[in-house]
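The exercises below ask the reader to work through a helix and some charged side chains step by step. Please keep the sequence and the structure in view while following each solution.

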Amino acid sequence: MKKILIPVAVLLCACSNPGTTPTAAATQPAAADSTATEVAETSETSETSDQEIDAASGATSVPNETSFNGILVIPPQHHATVTLTMGGSIRSTSLLAGAHVKRGSVLATLENPEFIALQQSYLDSHAQNEYLRTEFLRQQTLSREEASSQKRFQQSKAEYLSMRSRMDAAAAQLALLGIDTARLLQEGIVPFLEIKAPISGYAADVKMNIGRHFSAGEPLCEIVDKSDMMLQLTAYEKDLAHLKVGDRVEFRVNGMDRRSFHGTVTMIGQQVNSENRSIEVYVRIAEQDPQFRPGMYATARILRK
């Protein structure tokens with residue numbers, strides 16, 4: 001009797017679960033895909049984080065984020081205070097605040113008896129000076145020829161020099177009042193002193209009215225020339241590292257429809273205010289605007305290339 005041998009190993013392999021091997025094989029690619037997704041998400045998160053850091057550092061390093069408050073100002077050479085070197089009462093004026101005036105135009109007329117006396121003093125001293133000069137030259141010639149005493153010559157010289165000094169002093173006072181002595185010699189005494197504009201610009205803070213008396217040195221009005229206004233910014237000690245002469249500035253003025261203007265830093269103050277630790281920074285404005293007014297508030301920032 002023959003025995004039949006059946007390979008058990010083959011049967012066991014055949015009876016095993018046919019889906020086990022494919023499932024394991026499928027699990028491995030899924031795990032690989034999950035790992036790749038996680039790496040990709042980590043990479044994207046890292047890139048996003050880097051971008052945020054770069055954006056933050058970029059905003060910090062660029063002074064556009066640092067704003068400065070300031071006001072519009074008039075340079076000293078474009079701002080004049082009209083005062084008197086001789087007191088008196090206003091005889092006539094038609095000046096109103098905001099009116100545009102030209103340099104040399106008459107703002108008002110002033111009356112003062114001392115003004116008339118000063119003109120008379122100059123005319124008298126001028127006439128006496130001519131006579132004494134002629135006499136001095138004559139005595140000088142006689143003294144050289146020994147036809148006159150030395151004492152008489154010295155006396156004539158002293159009188160001539162004294163009168164010339166008086167005439168020059170009167171001429172200097174009239175020049176301070178804006179009186180041309182050559183015109184005075186031709187046309188005679190002027191009864192009223194004309195107050196003229198020292199610069200061209202707009203009248204402001206007008207205090208004159210007919211009959212009002214002003215003492216010497218008392219301001220009558222202000223004249224402001226807006227053709228070359230500047231921006232005065234307020235900075236602090238911590239801002240000095242981000243400021244230098246030549247920096248480009250962008251600013252906006254309150255009440256001007258959010259329009260932007262530009263300028264250049266021309267001066268940085270060298271003294272710190274002891275009360276609020278502030279520093280004055282002056283900006284030359286590139287685009288002047290007729291709507292600019294001294295004292296208007298502005299907000300500015302420094303532009304970097």
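The expected span of a helix is 1.5 Å times one less than its number of residues. The model used throughout is a predicted one.

**Exercise 1. Work out what span helix α3 should have, and set it against the distance between its end C-alpha atoms.**

Solution. Helix α3 covers residues 113-144, that is, 32 residues. At 1.5 Å a residue, α3 should therefore span 46 Å. The end C-alpha atoms of α3 are 46 Å apart, which agrees with the expected value.

**Exercise 2. Describe what lies at the two ends of α3.**

Solution. At the N-terminal end, Asn 112 acts as the cap of α3, with a side-chain oxygen placed 3.0 Å from the backbone nitrogen of Glu 114. Just after α3, Glu 146 takes a positive phi of about 60 degrees.

**Exercise 3. Which elements do the buried residues of α3 pack against?**

Solution. Begin with the residues themselves, taking buried to mean under 20% relative accessible area. Among the buried residues of α3 are Phe 115, Leu 118, Tyr 122, Leu 132 and Phe 136, and polar or charged names such as Gln 119, Asn 129 and Glu 135 also appear in the list. The buried residues of α3 pack against α4 (150-176), α5 (181-187) and β6 (193-196).

**Exercise 4. Analyse the salt bridge between Glu 135 and Arg 138, and place it in its network.**

Solution. Start from the general point that side chains of opposite charge can pair when their charged atoms come close. The side chains of Glu 135 and Arg 138 meet in a salt bridge, at 2.9 Å from N to O. Because Glu 135 and Arg 138 are three residues apart in helix α3, they are separated by about one helical turn. Glu 135 is buried, with a relative accessible area of 12%, whereas Arg 138 is partly exposed, with 43%. Finally, a network of salt bridges links Glu 135, Arg 138 and Arg 152.

**Exercise 5. For the salt bridges Lys 238 with Asp 239 and Lys 244 with Asp 247, state whether each partner is buried, partly exposed or exposed.**

Solution. The structure holds 10 salt bridges. In one of them, the closest N and O atoms of Lys 238 and Asp 239 are 3.2 Å apart; Lys 238 is exposed, with a relative accessible area of 63%, while Asp 239 is buried, with 5%. Lys 244 and Asp 247 meet through their side chains at 2.9 Å, N to O; here Lys 244 is partly exposed, with 49%, and Asp 247 is buried, with 4%.

How values were computed. Residues are numbered from 1 along each chain as its sequence is written. This is a predicted model: local features need pLDDT of at least 70, side-chain atom pairs count only at pLDDT 80 or more; totals for chains, interfaces and linings use all residues. Side-chain values use heavy atoms; hydrogens and water are left out. Helices (H or I, at least four residues) and strands (E, at least two) are DSSP runs, numbered from the N terminus. Buried means under 20% relative accessible area, exposed over 50%, partly exposed in between (1.4 Å probe, protein chains only). Contact means heavy atoms within 4.5 Å. A polar contact is a pair of N or O atoms within 3.5 Å; within protein, one must be able to donate a hydrogen and the other to accept it, and residues adjacent in sequence count only if both atoms are side-chain atoms. A salt bridge is a side-chain nitrogen of Lys or Arg within 4 Å of a carboxyl oxygen of Asp or Glu.
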